[in-house]
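Have the sequence and the coordinates open side by side. We will walk through the chain one region at a time.

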Amino acid sequence: MRAIVFEDAHNLALKEVDAPEPGANDVVLKVAAVGICGTDTHVFDGEFEGTVYPLIPGHEATGVVTAVGADVADIAVGDHVAINPSTTCGECEFCLNGRQNLCRSWNGLGVVASDGASAEYLSAPRANVFKLRPETDIHEAALIEPLACAIRGYDLLPRRMGETYLIYGAGTMGLLMAQLAPRAGAASVTVVDLNEGRLQAARDVGVENTYTKADDASRELGIEKWDVVIDCTGAIPAIEDALPRVKAGGTFQHFGVAPAEATAHYSPFRVYRDEINIVGTMAVLNTFGRAVAMFEAGAINPTPMISHSFTLDEYSSALEKFRAGTGRKLQIRPNDTESRVLLDI
Ligand SMILES: NC(=O)c1ccc[n+]([C@@H]2O[C@H](COP(=O)([O-])OP(=O)(O)OC[C@H]3O[C@@H](n4cnc5c(N)ncnc54)[C@H](O)[C@@H]3O)[C@@H](O)[C@H]2O)c1
Ligand SMILES: [Zn+2]
Ligand SMILES: [Zn+2]
């Protein structure tokens, strides 16, 4: 089969490799779509902790089952599925305490040491395979993996009715967090991004309050501080701008992934005096099934979120377009023969 292989950091090739055969407890699928996100650029740049090369990248995948292992009874050839890329050791302190996403040997298909979905076929353990309804749009459903991360973020937020939310970043993650906020009880949702095209995406998924600067939001909305402030940029300037805008008793969430060596400044006095909660959130923890359920219930509007799809041949240029902030969610559709412009933006 044809596959993109990260041979080493900064070095990729489109190659002919053996198609996967399912182990006894595995499922093989013909990949329909795989989203590109910042994690792929970190893996390509050699910045993701623990990546073992060569590796086929791609962790936001859906597809149609083509083979199942001898011990797989409840998934059949022809089923439409979405893949949870996280695998964990089951034995470390964190796995045993129900915090598998903090596993010291955390492995992500396409991220650490197991091949991902930027290939015609993907093999995944049965436990990582989630059935979709046949009528669910199999390409849009590649947003279920990031949605599962967003739901993990909400599992760690207070989710009180009637609170005000301020979200930095209108990329895929900011758009998902913004769309879930009303379901978590938000009275209002405000999104800040430097990129006007991304703010249009936020309006397209139903966010009314969109600004390039939080100061403009304060002035126009008459909100000085917010109950919940979420960084979905990973950018230190955004984080430093965001934290002082948390209301007393409120919560700040680090959803974005800042560079590992970066530090940010904030006032410890204010965190003490105003009982500010600062919470992290890491990938997926028992949220994938709920993400499938919410996606299929229409909790998010996927159509304005995915702007382009590319073939395997165009992987490099898709990665460059992602880095440049071009469009919205970019997908690879490894079994397509032509790229597509999905949105007229
Ligand atoms: N916690 C998790 O489990 C998890 C899961 C997936 C992604 N992430 C992280 O979430 C972040 C967002 O992911 P994404 O796919 O939406 O990325 P993205 O690059 O598509 O979106 C980031 C957005 O932030 C905006 N931005 C950058 N600097 C800004 C600033 N100073 N002020 C306002 N806006 C600014 C950009 O214009 C862009 O639209 C990334 O850091 C990603 O690594 C975290
Ligand atoms: Zn991702
Ligand atoms: Zn573990």
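Is valine 292 buried or exposed? Valine 292 is buried, because its relative accessible area is 8%, and under 20% counts as buried. Keep in mind that this is a predicted model. Valine 292 sits in helix 9. Its C-alpha lies 7.7 Å from that of phenylalanine 130, although 162 residues separate the two in sequence.

That pair leads to the annotated domains. UniProt, in an unreviewed entry, places "domain: Alcohol dehydrogenase-like N-terminal" at residues 23-132. Over residues 23-132 the chain is 32% strand and 10% helix. The C-alpha atoms at the two ends of this span are 22 Å apart. UniProt also lists "domain: Alcohol dehydrogenase-like C-terminal", again from an unreviewed entry, at residues 173-295. Here the make-up is 37% helix and 24% strand. The end C-alpha atoms of residues 173-295 lie 14 Å apart.

Now turn to the metals. Which residues coordinate the zinc ion (ligand 3)? Cys89, Cys92, Cys95 and Cys103 do, each through SG, at 2.3 to 2.4 Å. Along the chain, these donor residues follow the spacing C-x2-C-x2-C-x7-C. What is the geometry of the site? The site of the zinc ion (ligand 3) is tetrahedral, with angles of 103 to 116° among its four donor atoms. The assignment follows because four donors count as tetrahedral if all angles lie between 85 and 135 degrees. For reference, the ideal angle for four tetrahedral donors is 109.5 degrees.

Two of these cysteines fall into separate accessibility classes. Cysteine 89 has a relative accessible area of 32%, so it is partly exposed. Cysteine 92 counts as buried because its relative accessibility is 13%.

The zinc ion (ligand 2) has another donor set. Its protein donors are Cys37 (SG), His59 (NE2) and Glu60 (OE), at 2.1 to 2.3 Å. In sequence the spacing is C-x21-H-E. Water is not among the atoms, so a site may look incomplete. Both histidine 59 and glutamate 60 are buried.

Stay in that stretch of chain for a backbone detail. Tyrosine 53 and proline 54 are joined by a cis peptide bond, with omega about 0°. Proline 54 belongs to the loop between helix 1 (38-44) and strand 4 (60-68). Most peptide bonds are trans.

Next comes ligand 1. How many residues surround ligand 1? There are 19, and the closest are Met173, Asp193, Val257, Thr281 and Ala283. Polar atoms pair up at several points. The side chain of arginine 198 places an N or O atom 3.0 Å from an oxygen atom of ligand 1. Phenylalanine 255 has a backbone N or O atom 3.0 Å from a nitrogen atom of ligand 1. A polar backbone atom of threonine 281 lies 2.9 Å from a nitrogen atom of ligand 1. Taken alone, ligand 1 exposes 870 Å², and the protein buries 82% of that.

Met173, one of the closest residues to ligand 1, falls within the range of helix 4 (residues 172-180). Helix 4 is mostly covered, with eight of its nine residues buried. Among them are Leu175, Leu176, Met177 and Leu180.

Ala283 is another of the closest residues to ligand 1. Where does alanine 283 sit? It is in the loop between strand 15 and helix 9 (288-296). Its phi is near 55°, a positive value in a residue other than glycine. Alanine 283 counts as buried because its relative accessibility is 19%. The C-alpha of alanine 283 is 26 Å from that of glycine 249, with the two positions 34 residues apart in sequence numbering.

Glutamate 275 also has a positive phi, near 45°. Its place is the loop between helix 8 (268-273) and strand 15 (277-280). Is glutamate 275 buried or exposed? Glutamate 275 counts as exposed because its relative accessibility is 61%. The two phi values deserve a second look because most residues other than glycine have a negative phi.

Notes
Residues numbered from 1 in each chain as written. Chains lettered and ligands numbered in written order. Predicted model: local features only at pLDDT ≥ 70, side-chain atom pairs only at ≥ 80, totals over all residues. Heavy atoms only, no water. UniProt positions renumbered as here; feature names shortened; annotations may be inferred. Helix = DSSP H or I, 4+ residues; strand = E, 2+ residues; numbered from the N terminus. Donors = N, O, S within 2.8 Å, 3.2 Å for Na, K, Ca; no water. Tetrahedral: all angles 85-135°; square planar, octahedral: opposite > 155°, others 65-115°. Buried < 20%, exposed > 50% of the residue type's maximum accessible area, 1.4 Å probe, protein only. Near = heavy atom within 4 Å. Polar contact = N/O pair within 3.5 Å; in protein donor to acceptor, adjacent residues only side chain to side chain. Areas by Shrake-Rupley, 256 points an atom, 1.4 Å probe, with all protein chains shown as cover.
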